[in-house]
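I open this notebook page to record what I looked up in the structure, entry by entry.

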Amino acid sequence: MTATQTQKTELVKVKNLVKHFAVENSDDLVRAVDDVSFDILAGETLGLVGESGCGKSTVGRCLLRLYEPTSGEVLFEGQSITGLPNNEMQKLRREMQIIFQDPYASLNPRLSILSTISEPLKIHGIGNKKEQKERVADLLSKVGLDPNYMVRYPHEFSGGQRQRIGIARALALNPKLIICDEPVSALDVSVQAQVVNLLQDLQAEFGLTYLFISHGLAVVEHISQRVAVMYLGKIVEIAEAKELYELPLHPYTKALLSAIPIPDPKKKRERIVLQGDVPTPINPPSGCRFRTRCPIAIPQCAEKDPELREITKDHFAACIRVDGYETAPIVN
């Protein structure tokens with residue numbers, strides 16, 4: 001960790017997280033998340049990026065135990081939550097909330113905005129009706145909406161406004177951790193910037209910690225202090241955002257970054273086009289899972305599943321072709 005990171009406490013620690021889903025009428029398993037480990041420091045934003053279907057959202061939902069992990073451990077403020085009974089987990093969920101990807105599907109069309117945002121307060125027995133209404137009015141103001149909108153219903157709002165309502169609902173219980181599950185991917189580009197700026201302002205005001213899940217690397221660069229890159233259920237690279245974008249080590253990360261458009265017609269970036277499709281998580285390739293599409297793969301890549309190792313200070317990658325791999329220490 002850097003000097004800045006060591007000043008912060010570790011809020012979340014994920015150890016060897018595994019989540020497999022059974023395939024109906026089959027003995028096969030979908031290996032959505034396979035041995036993932038990372039930590040999130042209090043007050044920081046950790047970006048989690050990768051192609052659709054790589055397991056990003058599954059990781060986020062396992063952190064909240066919306067999905068029960070197949071194995072591994074999740075610690076929140078040093079407490080293991082993996083085996084907590086449901087009544088204890090419900091209490092802990094006051095500290096951990098989620099913003100969903102689809103701002104319309106995540107809101108009940110039959111509930112007014114007042115009922116939607118006050119529902120977490122009612123579940124946890126916080127305040128009376130008057131106090132709950134005041135809290136909703138305050139939250140709507142915090143996310144840039146008129147408090148008088150609380151009598152309306154989701155269909156009366158735009159996509160960006162609905163996502164602001166979802167953010168207000170996530171803030172209702174004063175959580176410490178918010179899982180942002182692709183919160184801007186369904187929004188127009190101009191609205192995306194507004195929502196990202198809002199999330200940053202709220203983080204500064206309330207000291208929030210984010211796991212920001214996205215397949216848009218440009219958005220993640222703007223909001224994250226550190227970035228983890230996932231491919232087919234595994235994390236292949238973790239580093240501070242500035243270093244990862246300037247000096248990526250893993251060939252998959254390099255390919256993703258090469259696809260980001262440059263807003264200058266005079267500048268050109270060498271595009272790395274990956275061949276073939278993403279393999280199925282039911283039967284992933286042996287050894288390195290990226291080897292079937294990797295432009296620098298060698299025969300040994302099929303024999304050894306590379307572990308995530310520190311290649312340079314605070315910069316971790318899982319690739320046997322990266323310089324220093326053989327002598328770098330294993331991440332615990």
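Is Asp35 buried, partly exposed or exposed? I was working with a predicted model, and in it I found Asp35 to be partly exposed, with a relative accessible area of 41%. I placed Asp35 in strand β2, and I noted that its phi is positive, at about 65 degrees, although Asp35 is not a glycine. I kept in mind that most residues other than glycine have a negative phi.

I then turned to Asn25, which is not a glycine and yet has a positive phi of about 60 degrees. I traced Asn25 to the loop between β1 (10-22) and β2 (29-41), and its relative accessible area of 78% makes it exposed.

My next entry concerns the hairpin of β11 and β12, where I found two residues between the strands and a positive phi near 65 degrees at Asp314. I recorded that β11 (residues 309-312) and β12 (residues 315-317) pair in the antiparallel sense over three bridges, and that Glu310 has Phe316 in β12 as its bridge partner.

Which side chain of opposite charge is nearest to Glu237? I looked this up after locating Glu237 in strand β10 (residues 234-240), and the answer is Lys254, at 8.1 Å. Glu237 is buried and has no salt bridge, for which a side-chain nitrogen of Lys or Arg would have to lie within 4 Å of a carboxyl oxygen. I did find polar partners for Glu237: its side chain reaches the backbone nitrogen of Leu249 at 2.9 Å, and a polar contact of 2.7 Å joins it to the side chain of Thr253.

Last, I went through the cysteines, bearing in mind that a disulfide is a covalent bond between the sulfur atoms of two cysteines. With a cut-off of 2.5 Å between sulfur atoms, my count came to zero disulfides. Cys54 is in no disulfide, and the nearest cysteine sulfur, that of Cys62, is 13 Å away. I also noted that Cys54 counts as buried, at 4% relative accessibility.

Why does Cys294 form no bond with Cys319? The closest cysteine sulfur to that of Cys294 is in Cys319, and I ruled out a bond because the separation of 6.0 Å is too far. I closed the entry by writing down that Cys294 is buried, with a relative accessible area of 15%.

Technical notes:
Residues numbered from 1 in each chain as written. Predicted model: local features only at pLDDT ≥ 70, side-chain atom pairs only at ≥ 80, totals over all residues. Heavy atoms only, no water. Buried < 20%, exposed > 50% of the residue type's maximum accessible area, 1.4 Å probe, protein only. Pairing = 2+ DSSP bridges. Helix = DSSP H or I, 4+ residues; strand = E, 2+ residues; numbered from the N terminus. Lys, Arg positive; Asp, Glu negative; His and termini not counted. Polar contact = N/O pair within 3.5 Å; in protein donor to acceptor, adjacent residues only side chain to side chain.
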